[in-house]
Amino acid sequence: MSKRVASVLVAGAMVAVLAACGSGGGGSAGQGSGHKLVVGFSQVGAESGWRTANTKSIQEAAKKAGVELKFSDAQQKQENQIKAIRSFIQQKVDVIAFSPVVESGWDTVLKEAKDAHIPVILTDRAVDSKDESLYVSFLGSDFVEEGKKAGDWLVKEYAAASGDVNVVQLEGTTGSAPANDRKAGFADAVKGEPKFKVVASQTGDFTRAKGKEVMQAFLKSQSKIDVLYAHNDDMALGAIQAIEEAGKKPGTDIKIVSVDGVKDAFTAMSQGKINFDVECNPLLGDQLMDLAKKVKAGEQVPRRIKTEEGTFTPEQATAALPNRQY
Ligand code: AHR
């Protein structure tokens with residue numbers, strides 16, 4: 001090897017080492033000036049179109065903001081999220097963010113993060129912890145409000161109906177904030193109208209496959225189903241397949257109200273298969289990076305940041321479809 005080639009290789013190796021130090025690798029996170037912000041993010045999984053869009057938004061926003069993102073997919077298991085958070089603590093990341101798969105059971109690990117002086121931001125979903133000092137902020141939707149919007153639509157849609165309206169409900173992941181809150185919000189909206197009967201309600205775990213399977217069971221066990229309320233679009237899309245395979249017309253024989261507002265659901269709406277969709281915005285990445293930077297800089301941030309969201313009729317969804325990002 002010539003002297004010149006050798007010196008170029010040595011210089012290259014030094015640049016690589018310096019770059020690794022600068023990116024907070026090797027446990028140096030949180031130290032020194034000019035250091036890149038390191039955020040550990042524990043994602044629920046990849047159970048739905050909404051979740052895929054949320055992951056993409058967070059990963060792209062981190063790149064854009066120059067944040068080093070340590071991303072971990074929990075595959076819808078709380079124990080995996082707890083492991084990931086512990087590993088972030090060990091790696092001394094600057095900020096931990098996570099979307100908790102279920103609401104309860106977080107106090108111990110959040111206390112560990114607090115003791116290590118690592119601030120925690122909740123994104124998308126909340127925890128039911130009584131100790132509010134365990135996290136600095138919660139960025140995400142108002143799921144109770146979403147359920148209420150679905151129920152309000154139902155009340156209007158059936159304003160003229162006098163007989164019973166039989167509703168089946170596909171619930172999200174058991175114990176998760178969106179499943180608990182969307183159920184509660186919906187129940188609250190229809191409670192003054194005894195004609196609405198929730199004749200069956202079961203979890204479809206926010207997935208298309210489970211939504212289809214549970215809807216098949218509902219179709220077998222219930223002699224009359226007027227309405228399906230699905231806690232997310234993926235379960236509604238799975239249920240549509242089950243309804244069609246049973247020889248019925250989704251959107252006509254069984255009306256469908258769902259939550260999320262993903263592209264595939266808008267396509268189904270444009271075909272008359274879903275009657276109303278309540279939006280839940282997954283594009284939280286930019287706001288999260290902004291929040292993480294402020295938290296690290298010691299700035300005061302709001303305890304609760306709610307996402308702005310709308311609702312869609314089939315006409316509105318059809319018009320929005322060409323520009324829908326997710
Ligand atoms: O927490 C948000 C919910 O989780 C979305 O409605 C659903 O699609 C996702 O899996």
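Start by selecting residues 208–221, which are helix H7, together with residues 233–245, which are helix H8: in this predicted model the two helices pack with their axes 7 Å apart and at an angle of about 45°. An angle of that size lies between the ranges counted as roughly parallel, under 35 degrees, and roughly perpendicular, 65 to 115 degrees, and H7 and H8 are therefore oblique to each other. If you turn the view to look through one helix at the other, the crossing you are looking at is right-handed.

Next, show the side chains where the pair meets. On H7 the contact is made by Arg208, Gly211, Lys212, Met215, Gln216 and Leu219, while H8 contributes residues including Asp234, Leu237, Ala239 and Ile243. Coloured by character, the residues of this contact divide into seven nonpolar, four polar and four charged.

Now move to the sheet, and select its six strands in the order E2-E1-E3-E4-E5-E11, in which they form an open sheet with parallel pairing. Strand E2, at residues 68–73, and strand E11, at residues 304–306, stand at the edges with a single partner strand each, so one side of each is left without a neighbour in the sheet. Between neighbouring strands of this sheet the turn is 15° on average, with direction ignored.

Within the sheet, zoom in on strand E3, residues 95–98, and strand E4, residues 120–123, which run parallel and are joined by three bridges. Select Ile96 there, and you will find that Val120 is its bridge partner in E4.

Finally, select helix H2, residues 49–65, which lies across strand E1, residues 38–43, and strand E2, and runs at about 160° to E2.

Definitions and conventions. Residues are numbered from 1 along each chain as its sequence is written. This is a predicted model: local features need pLDDT of at least 70, side-chain atom pairs count only at pLDDT 80 or more; totals for chains, interfaces and linings use all residues. Side-chain values use heavy atoms; hydrogens and water are left out. Two strands pair if DSSP finds at least two bridges between them. Helices (H or I, at least four residues) and strands (E, at least two) are DSSP runs, numbered from the N terminus. Axes are lines fitted to C-alpha atoms, for helices over the stretch in contact, and angles run from 0 to 180 degrees between N-to-C directions. Contact means heavy atoms within 4.5 Å. Angles under 35 degrees count as roughly parallel, over 145 as roughly antiparallel, 65 to 115 as roughly perpendicular and the rest as oblique. A crossing is left-handed if the near helix is turned anticlockwise from the far one by less than a right angle, and right-handed if clockwise. Ala, Val, Leu, Ile, Met, Phe, Trp, Tyr, Cys and Pro count as nonpolar, Asp, Glu, Lys and Arg as charged, and the others, Gly among them, as polar.
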